[in-house]
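I opened this notebook to keep track of what I looked up in one protein chain, entry by entry. The entries move between cysteine links, the sheet, the helices and the chain taken whole.

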Amino acid sequence: MENKILYNWKSWWRAFNNHNFFAIKLGVSILLVALAFRILFNRSLELSPVSETPFLESVAPLITVYSETRADHISPQDNGAKCDLFDGDWIPDKTEPFYTNSTCEFIEQHQNCMKNGRPDRDYLYWRWKPRGCDLPRLDPWKFLDLMRNKSWALIGDSISRNHVQSLLCMLSVVEKPDHVYHDEGYKNRRWVFPSYNFSLAVLWSPFLAQAAIFEDINGVASSEIELHLDKLDKNWTRQYNDLDYMILSSGKWFVKGSIYYENDQILGCHFCPKRNITEVEIKFAYRKVIRNVFSFIIASKHKGIIFYRTSTPDHFENGEWFSGGICERKLPARHGEFELKELNRILRDVELEEFEKVSPKAAENGVNLKLLDVNPLSLLRPDAHPGPYRFFQPFAKDKNAKVISDCLHWCLPGPIDTWNDLLMEMLVGG
């Protein structure tokens with residue numbers, strides 16, 4: 001009996017000892033694994049800090065193509081820094097334009113380079129590439145969705161008219177707008193996209209200030225312009241509060257011969273040699289008007305978005321509009337190849353200086369004022385003006401015909417379409 005009890009005790013002890021040894025081994029193993037993981041984890045933290053924007057650099061940018069499949073807003077690929085949309089280069093791009101002269105009815109004759117017989121097409125196959133990010137093409141479906149029940153106006157001179165034609169052509173791939181208003185000279189016009197209740201207008205106001213202009217359709221003046229520096233043009237101010245979005249611009253008309261008024265009294269003039277009136281610098285007149293425009297905008301506390309578009313350069317070479325100037329280049333310019341002419345530089349300096357001064361006050365008053373700075377990218381496109389092809393088939397009868405060239409406005413389609421890409425990005429990107 002004693003032997004049996006002893007045997008049972010020894011069997012129990014061996015079993016306990018075996019199980020206990022297994023438990024100890026399991027515990028030690030777990031501890032070793034945990035220690036190894038802790039060491040590896042600490043080393044990974046030291047060697048590879050986590051990026052605030054993980055995988056951003058390894059993802060190829062998406063490009064918005066005009067189709068009913070809409071892409072989301074594309075963020076700049078610069079590790080979170082704000083991308084300067086207006087600093088970049090024109091790079092080759094084989095993508096076809098949104099429209100042509102045969103698919104868009106809104107192109108006016110003077111910018112209809114294809115129909116007028118311009119033989120080359122290389123100017124169509126470039127896109128603007130900001131440094132540090134990609135600029136998607138305007139998505140017309142998304143744009144119209146955003147603009148439901150909204151109203152836009154492009155306010156300025158013939159470049160604004162050139163621009164509104166471009167925007168109409170790009171948006172009309174979705175829906176043809178109804179032309180609901182024009183004045184007698186077709187300088188003030190309005191269209192409505194019926195499915196979206198979206199209104200798009202162009203308002204003629206080349207100075208943004210009150211002016212009496214004595215010119216014919218070809219720009220030939222019978223007298224100096226009478227420009228009131230202290231009075232804004234009611235053609236746009238009386239519609240201002242009814243607009244949700246607007247793009248204001250000026251500049252080019254200030255180079256014309258003008259008599260300046262203030263308080264309804266002659267203050268001076270620019271380029272009026274036949275009159276005994278004190279010469280006043282363009283810089284003074286332009287600054288006076290732009291300052292008044294910005295003051296009006298700030299005081300209004302407008303709740304929409306207001307863009308001020310910078311003035312655009314021309315590319316006349318060997319003369320000007322009425323003195324034999326031409327623009328025959330076939331490729332975009334390199335940086336530094338073209339410099340702004342003195343008058344264009346004056347206009348641009350005033351615009352940038354006054355915008356910089358007014359921006360803090362605009363923000364303080366809750367006014368969403370943005371600078372659409374198309375000047376730098378436009379300076380690099382001497383190849384995309386109508387030139388002699390502002391007229392229909394100008395060399396059909398005589399290949400050596402003397403024709404006035406347009407080196408100021410832009411062929412449609414053409415690089416002015418990029419202005420709409422920039423607008424879209426500024427709208428969705430903030």
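**Entry: a buried pair of cysteines.** I began with Cys-83 and Cys-133, and found that both are buried. I kept in mind from the outset that this is a predicted model. The two residues form a disulfide, with their sulfur atoms 2.1 Å apart, and the turn of -60 degrees about the S-S bond makes the link of Cys-83 and Cys-133 left-handed. I then placed the partners along the chain: Cys-83 sits in the loop between helix H1 (2–47) and strand S1 (88–92), while Cys-133 sits in the loop between strand S2 (126–130) and helix H2 (140–146), so that the pair links distant parts of the chain, 50 residues apart.

**Entry: the link that reaches a helix.** Next I looked up Cys-104, which a disulfide joins to Cys-169 at an S to S distance of 1.9 Å. The link of Cys-104 and Cys-169 is again a left-handed one, with -80 degrees about the S-S bond. Because Cys-104 lies in the loop between S1 and S2 whereas Cys-169 belongs to helix H3, this pair ties together parts that are 65 residues apart in sequence. Are these two cysteines buried or exposed? Cys-104 has a relative accessibility of 5% and therefore counts as buried, the cut-off being under 20%. Cys-169 is buried as well, with a relative accessible area of 1%.

**Entry: the link towards the end of the chain.** I turned to Cys-327 and Cys-407, which are joined by a disulfide with an S to S distance of 2.2 Å. I noted -90 degrees about the S-S bond, and the link of Cys-327 and Cys-407 is left-handed. Cys-327 lies in the loop between S12 and H6, and Cys-407 lies in the loop between helix H7 (375–379) and H8, so that distant parts of the chain, 80 residues apart, are linked by the pair. Cys-327 and Cys-407 are both buried.

**Entry: the disulfides as a set.** How many disulfides are there in the chain? The count comes to 5. Numbering the bonded cysteines along the chain, I wrote their pattern down as 1-4, 2-5, 3-10, 6-7, 8-9.

**Entry: the sheet.** I traced an open sheet of 7 strands, whose order is S4-S5-S6-S3-S9-S12-S13 and whose pairing is mixed. Strand S4 (178–182) and strand S13 (368–372) stand at the edges with a single partner strand each, so one side of each is left without a neighbour in the sheet. On average, and with direction ignored, neighbouring strands of this sheet are turned by 15 degrees against each other. Within the sheet I followed one pairing in detail: strand S3 (residues 151–156) and strand S6 (residues 198–204) pair in the parallel sense over 6 bridges, and Ser-151 stands opposite Ser-199 in S6.

**Entry: helices on the sheet.** Helix H3 (residues 158–171) packs on the sheet, where it touches S3, strand S5 (189–193), S6, strand S9 (245–248) and strand S12 (305–309), and its direction makes about 160 degrees with that of S6. Helix H6 (residues 342–364) also packs on the sheet, touching S12 and S13, and the direction of H6 makes about 160 degrees with that of S13.

**Entry: one tyrosine.** I looked up Tyr-260, which lies in strand S10 (residues 258–262). Tyr-260 counts as buried because its relative accessibility is 0%. Between Tyr-260 and His-270 I found a separation of 10 residues in sequence and 7.8 Å in space, C-alpha to C-alpha.

**Entry: helix H8.** Helix H8 (residues 417–429) has 13 residues, and from its first C-alpha to its last it reaches 19 Å, which is close to the 18 Å expected at 1.5 Å a residue. H8 is mostly covered, with 11 of its 13 residues buried. Among those buried residues I listed Trp-419, Leu-422, Leu-423, Met-424, Met-426 and Leu-427, and they also include Asp-417 and Glu-425.

**Entry: the chain taken whole.** I closed with the overall figures. The chain has 8 helices and 13 strands, and 47% of its 430 residues count as buried. Of the contacts between residues at least 6 apart in sequence, 74% join residues at least 24 apart. The chain exposes about 23,100 Å², of which carbon and sulfur atoms supply 54%.

How values were computed
Residues numbered from 1 in each chain as written. Predicted model: local features only at pLDDT ≥ 70, side-chain atom pairs only at ≥ 80, totals over all residues. Heavy atoms only, no water. Helix = DSSP H or I, 4+ residues; strand = E, 2+ residues; numbered from the N terminus. Buried < 20%, exposed > 50% of the residue type's maximum accessible area, 1.4 Å probe, protein only. Contact = heavy atoms within 4.5 Å. Areas by Shrake-Rupley, 256 points an atom, 1.4 Å probe, with all protein chains shown as cover. Expected span 1.5 Å × (residues − 1). Pairing = 2+ DSSP bridges. Axes fitted to C-alpha atoms, helices over the stretch in contact; angles between N-to-C directions. Disulfide = S-S within 2.5 Å.
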